[in-house]
Each structure stands twice: as C-alpha cells, then as structure tokens.
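This report walks through a two-chain model, moving from individual sheets to helix packing, the contact between the chains and a few notable backbone features. Please keep the structure open beside the text while reading.

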Amino acid sequence: MEKDIKFFTNGKRIDGRAIDELRNIKIEVGVFKRADGSSYIEWGGNKIYCAVYGPREAYPRFLQKSDRAILKCRYNMASFAVEERKRPGPSRRGVEIGKVTQGALEPALLLENFPKCMVEVNIEVIQADAGTRCAGITAASVALANAGIPMKELVPACAAGKVDDKIVLDLCKEEDNYGQADLPLALLPRRNEFSLLQMDGDLSEEQLEEALDLGRKGCLEVYEIQKEALKKKYVKEDVSNE
Amino acid sequence: MEFLVKDRSIVTPGMAIAKGPFRYEYGVDKFEDTIISSVLGIVYIENDGVKVVPLEGKYMPKRGDDVIGTVVSINPLSWDLDINAPYLANLHVQDALRYVKDTSNLERIFKVGDVIYANIRDVGESSDIVLQSKERPYGKMKWGRVVKIHATRVPRVIGKKGSMIKLLKQMTKCEITVGQNGNIWIKGERQMEDIVERAIFKIDKEAHIPGLTDRIKKMLETELSR
C-alpha cells in the first residue's frame, strides 16, 4: 500500500471533485439490436454494456418457478478492462457481483407476471475504474426498462466510502484502492429502501449512518439521470423527424 | 384525485401518475395512495381511469387475439407454434382442421417452419396458450412473407378505424394480415411486398410520433412513383 498519497488538496479530491459530487455519468439506451433491451453507461472511467433478454422460457427446466419468473444476472469483465490483464472467463468475483446484482434488481421487478420464465441480464465491463458493480446495476435497471419488463421502479446505485477519515461519495480508483472503506449501495427510491449494501473496510456506527445518507443522495441523483436517458431516446427521435 | 403528469406524456417505471381512487387498467402499479407507472410507456388518462401503453416489451397473449405464428415442433397430436410470446403456443389437431384428414403423420398437414394464422382459444392458469385455426380465415398462410415488429406497435399499423392498413392495402394491392403479436403477413407483387415491408418498419420505428399516417402516405407515394 502506498502511504504518502494525498487525498485532499484545498478541500478538493484527487480528481477535483467536491466531497459529495458524482463523476460524470452518461447513459445510452437501446444500443443493441438483437437484445430485447440494452444500455451503455459511462461513469467516470467505467465503460459498461448491458443486454437484457426475456422474458422467455426458463432453462434448465428445473429452475422454472411455477408462479414467477427467475432473474439471471451475469457480470463479466473483459481481460483488457483493468490495468493488469484479467484472466478471461468467470471468476469468484464475477460470480459474486452477478449474485448481488440479482439481489439488488429482483425486489424492483414484477416477476410474478411471467410464470415459468426467465429474464437474463448480461453486464459486460469494457473498462473498469472503480464502482463497476454500482454502474452495472444502474445500467441493468435501465436496460430492463428498455426491454419493457414491468417493474415497481428503477434501481439507481452508487457508492459511498471513507477516505482520510472523511465520508465521500462515489470513490474513484485511488480512493477505492487506498481508502479506508467502500460502501456500494442500490436504492429503491420510492420505498426508500436499500437493495444492495456491501462494505469493504471499516466504519463506525455514526460514519455508517453518514455514508448511507450521502449514498442515498447520490443514488437519487443517478435516478434522475436514468429517467432522463430513457426519455431522451424517444424525444430525440421526435426531433430528427421534424 | 389529482394528476401528476400530462395526458399522453412519456413515463418511466416508478414515476407517479396520479393520486387518489382511480380505476387502473394496465401498465400501472399502486404504491400507498399513488398510482405509479410500471413500464416505459405513454400515459392515457380517461375520465376515471389511467393506463400506460408500453413502448417496448414482448407480446402477452390474451384470449380472442388473432396471431400469426411459425411451427417450431411437432408432437404426436399437436403442433407447437412460436408466436413471439414468452411461451410456446399449442395447436391441437382437433382445433386445426376444417375437415377430417389422415392424422397419422402431422408433418403432412403442417411442417416445421409453416406460417399459421390462428386465434387464441384460451390462456391457461400457468400461461399455456391454446390456439385454434378451424374456421376461415384462420389456417396456413401460403406464399408471401412475414414481417416482425413490436407487438406494442400493432395498433399503429392498423390505425384509427383501420385507416393505416387500408392505405397500405389500397396503394400497394397487397394482401396484408396483421397478427396481434406483431407478426404481419404480406402477399403481393414482389416490389410491392418490399415497399410494404419498408413502410411497416417505418411505422415500427416512429410509432409514438404523431402524424404517422400522413408520413406513410407521403413515403408510399414517393416510392410508388419511382
């Protein structure tokens, strides 16, 4: 671990952001023709594609639920997505993130409308720059809406963390690697409930409360961007035809 | 009772539409006393009801719908049809034939890949779809081609009181049959089929933008004068 990294200069962070400021987020909707729904997100240096298939018949058959659809999430990182070459193929980390993504998205979907079916979510990380699971969940939620799958609400996600004993929003690469804590969150905005809460590092009880509040604020900002992206797809087409 | 969005505006899932006791049809969900959209779609507000017509999504089978499907597999006494729904639809021999035929070899009646126009007789509790194609005009579609579009855009292909489909048929002299599931069967002269196909894809792409019939008319006129 590097010891002499300076996280704050004149109250600004390494990349010039304020403590409660998100990185730049850009979401595109419907980028793939063959998928039922798709999205592309650029979140700081993260570049992630997401494709959704379904609802369609669930295979293998023994996974079918007679009263609802199942949700399958797959998270994969390209071998060139990180600084050092990542060994391609499924990994312990990829399986875990797929699992937590499923857990984060499932409470928001109305899967009981499609018995015996499955909905597949594929998240492909092309370039990673800290916070890929949050960016992945954000993109997946938009892609699910684009696929026309009924849901209670969109799921925005965002991380909070602790750097130099200060609670900050949306950690960048250095803060993630050399900081003190990372707290990825996914929010159900209307219900005000978290559907993803993980923690790496340590936080005191007060710090956790503070981080949750800051994370919630960040998620709501992401939520606005998600809504804008979905609407923009149709409004933009309007203009091009006039 | 209070509306939070304008009639015919685009809503995203989770967006509040109205507050109070409303009759709601589909595309909406209730949270506490608020009615929220559950899909990406366009809101329609009527006197006492709200609904959201989705912009994307698969076809959900309903009883009584006319659909166009392709045979994907043959069972001892029935065929399985792909009708763009999440599930395969089942067509039993009894419901398929107008008169008695030798049913020892079903492949002689409908082969895998055949296009069939059928009516949904029933959608079961566990979403199994039962079709029938006994009476006219149901049955096998010979020749022609099938164009696939989003099932949510089918009403736009038909138009108000059938205006759009009438326009297409009159101007190109093609036979067109529209399935509620988004499969459209066209038969006519080859160039005309091409033109209809392009027009239908245009409708699919621009379904949510007003003034569609005029634009399609203009497009057909320019294409036909070539």
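How many residues lie between S7(B) and S8(B) in the hairpin that they form? The hairpin of S7(B) and S8(B) has three residues between its strands. The model is a predicted one, and what follows should be read with that in mind.

## The four-stranded sheet of chain B

The hairpin belongs to an open sheet of four strands in chain B, whose order is S2-S7-S8-S4 and whose pairing is mixed. The edge positions are taken by strand S2 (10-11) and strand S4 (23-24) of chain B, each of which pairs on one side only. Between S7(B) and S8(B) the pairing is antiparallel and runs over five bridges, and one position can be followed residue by residue, since Val43(B) has Val52(B) of S8(B) as its bridge partner.

The two edge strands of chain B join the sheet in opposite senses: S2(B) pairs with strand S7 (residues 41-45) of chain B in the antiparallel sense over two bridges, whereas S4(B) pairs with strand S8 (residues 49-54) of chain B in the parallel sense, over two bridges. On the S2 side, Ile10(B) stands opposite Ile42(B) in S7(B), and on the S4 side, Tyr24(B) has Val50(B) of S8(B) as its bridge partner. For readers who wish to trace the side chains along these strands, it is helpful to recall that in a regular strand the side chains alternate between the two faces of the sheet.

## Domains of chain B

Chain B is divided into domain 1 (2-54), domain 2 (66-140) and domain 3 (145-224). Taken over C-alpha atoms, the centres of domain 1 and domain 2 of chain B are separated by 37 Å.

## The three-stranded sheet and its helix

A further open sheet in chain B consists of three strands in the order S15-S17-S16, with antiparallel pairing. Strand S15 (145-148) and strand S16 (175-178) of chain B each have a single partner strand and stand at the edges, so one side of each is left without a neighbour in the sheet. Neighbouring strands of this sheet are turned against each other by 20° on average, with direction ignored.

Within the sheet, S16(B) is joined by four bridges to strand S17 (residues 183-187) of chain B, the two strands running antiparallel, and the bridge partner that Val178(B) finds in S17(B) is Ile184(B). H4(B) packs on this sheet, where it touches S15, S16 and S17 of chain B, and the direction of H4(B) makes about 155° with that of S17(B).

## Packing of two helices in chain B

Two packed helices are described by the angle between their axes and the distance between the axes. For helix H4 (residues 190-205) and helix H5 (residues 212-224) of chain B, the angle is about 155° and the axes are 11 Å apart, which makes H4(B) roughly antiparallel to H5(B). The crossing of the pair H4(B) and H5(B) is right-handed.

From H4(B), the residues that make the contact are Ile195(B), Ala199(B), Lys202(B) and Ile203(B), and they meet Leu212(B), Ile216(B), Met219(B), Leu220(B) and Glu223(B) of H5(B). By class, this contact of H4(B) with H5(B) comprises seven nonpolar residues, no polar ones and two charged ones.

## Where the chains meet

Between the chains, 27 residues of chain A are in contact with 21 residues of chain B. On the side of chain A that touches chain B, the elements giving two or more residues are strand S3 (46-57), helix H2 (132-146) and helix H4 (205-240) of chain A, and H4(A) gives the most, with five residues. The same side of chain A is made up, by class, of 13 nonpolar, five polar and nine charged residues.

## Backbone features in the loops

Each chain has a cis peptide bond ahead of a proline. In chain A, the bond joins Tyr59(A) and Pro60(A), with omega about -10°, and Pro60(A) has its place in the loop between S3 and strand S4 (70-77) of chain A. In chain B, the bond joins Arg136(B) and Pro137(B), with omega about 5°, and Pro137(B) is found in the loop between strand S13 (129-132) and strand S14 (139-140) of chain B.

A further backbone feature concerns Asp164(A), a residue other than glycine whose phi has a positive value, near 55°. Asp164(A) lies in the loop between strand S6 (157-163) and strand S7 (166-169) of chain A.

How values were computed
Residues numbered from 1 in each chain as written. Chains lettered and ligands numbered in written order. Predicted model: local features only at pLDDT ≥ 70, side-chain atom pairs only at ≥ 80, totals over all residues. Contact = placed C-beta atoms within 7 Å. Nonpolar A, V, L, I, M, F, W, Y, C, P; charged D, E, K, R; others polar. Axes fitted to C-alpha atoms, helices over the stretch in contact; angles between N-to-C directions. Parallel < 35°, antiparallel > 145°, perpendicular 65-115°, else oblique. Left-handed = near helix turned anticlockwise from the far one by under 90°. Pairing = 2+ DSSP bridges. Domains from an automatic or database assignment.
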